Amino acid sequence: MAKKGKNYLEATKLIDRNVAYEISEALELVKKASKAKFDETVEVAFRLGVDPRKNDQQIRGAVVLPHGTGKTQRVLVFAKGEKAKEAEAAGADYVGDEEYVNKIQQGWFEFDVVVATPDMMGTVGKLGRVLGPKGLMPNPKTGTVTFEVEKAVKEIKAGKIEYRTDKAGNIHAPIGKVSFEVGKLADNLSTLIETLQKAKPAAAKGTYMKNITVSSTMGPGVKVAVPTK
């Protein structure tokens with residue numbers, strides 16, 4: 001733990017906490033400040049001027065990052081017949097119906113994303129109490145309840161991420177790995193920023209995008225200057 005603390009303190013010397021850096025400069029600092037012996041995930045945190053307690057100010061959706069996240073998502077698809085074959089052909093890791101409901105109820109979670117065709121939601125609904133708290137329940141807003149299973153699976157495999165406001169109005173999301181080039185991380189971050197700007201609720205008052213911070217898994221946060229439209 002002491003070694004970790006030393007590395008963290010060394011990393012913080014590279015960053016001026018009072019400065020909001022331009023996107024590329026901030027991400028360059030995140031890469032320089034990464035001291036772990038593994039390829040850390042680069043994450044972004046947004047503090048938004050919304051009240052998520054109000055339904056008309058909740059933000060939830062999904063976006064395909066142009067360069068992916070550096071992690072291959074394991075996809076479980078609930079589908080039958082031709083749609084099941086379509087999911088398998090698209091590269092889904094697991095495809096089925098009731099047998100996977102039973103497996104999950106027994107504690108199986110070898111997947112990262114769940115997709116379901118609308119006709120299967122009655123079956124998947126049995127798992128609401130299990131999948132819901134883990135953020136794994138399929139949802140039309142994120143494109144995971146759909147008959148277009150081929151498109152859904154391919155987008156997830158290509159680097160689609162989901163985002164949603166937490167109870168404090170913040171959004172956290174991965175945008176790549178420390179090993180990514182700065183340009184690719186910047187493209188991913190810019191894509192997410194633009195997506196969230198477009199998702200601004202009409203009911204939100206005052207400053208919408210209050211703060212953006214990027215960091216690696218084990219590294220210190222770096223403030224990012226909020227881009228103007």
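**Exercise 1. State how much area domain 1 and domain 2 bury between them, and which three residues supply most of domain 1's share.**

Solution. Domain 1 and domain 2 bury about 720 Å² between them, and 45% of this lies on carbon and sulfur atoms. Buried area is the accessible area (1.4 Å probe) that two parts lose on being put together, summed over both. From the side of domain 1, R60, K160 and E162 supply 78% of the area buried against domain 2, more than any other three residues.

The model is predicted: local features need pLDDT of at least 70, side-chain atom pairs count only at pLDDT 80 or more, and totals for chains, interfaces and linings use all residues. Residues are numbered from 1 along each chain as its sequence is written, and side-chain values use heavy atoms, with hydrogens and water left out.

**Exercise 2. Give the bounds of the two domains and the number of residues in contact from each.**

Solution. Step one: domain 1 covers 14-68 + 160-224 and domain 2 covers 75-157, with bounds from an automatic or database domain assignment. Step two: their C-alpha centres lie 27 Å apart. Step three: the contact (heavy atoms within 4.5 Å) takes 6 residues from domain 1 and 10 residues from domain 2.

**Exercise 3. Find how many salt bridges are counted between domain 1 and domain 2.**

Solution. A salt bridge is a side-chain nitrogen of Lys or Arg within 4 Å of a carboxyl oxygen of Asp or Glu. The count between domain 1 and domain 2 is 1. K160 and E155 form a salt bridge, at 3.5 Å from N to O.

**Exercise 4. Explain why the salt bridge of K71 and D112 ties together parts that are apart in sequence.**

Solution. The closest N and O atoms of K71 and D112 are 3.6 Å apart. K71 lies in the loop between β2 (60-64) and β3 (75-78), and D112 in the loop between α4 (98-105) and β5 (113-116), so the pair ties together parts 41 residues apart in sequence. Helices (H or I, at least four residues) and strands (E, at least two) are DSSP runs, numbered from the N terminus.

**Exercise 5. Describe the salt bridge of E150 and K154, and say how accessible each residue is.**

Solution. The closest N and O atoms of E150 and K154 are 3.0 Å apart. Being 4 residues apart in helix α7 (residues 149-158), they are separated by about one helical turn. E150 is partly exposed at 35% relative accessibility, as is K154 at 45%. Buried means under 20% relative accessible area, exposed over 50%, and partly exposed in between (1.4 Å probe, protein chains only).
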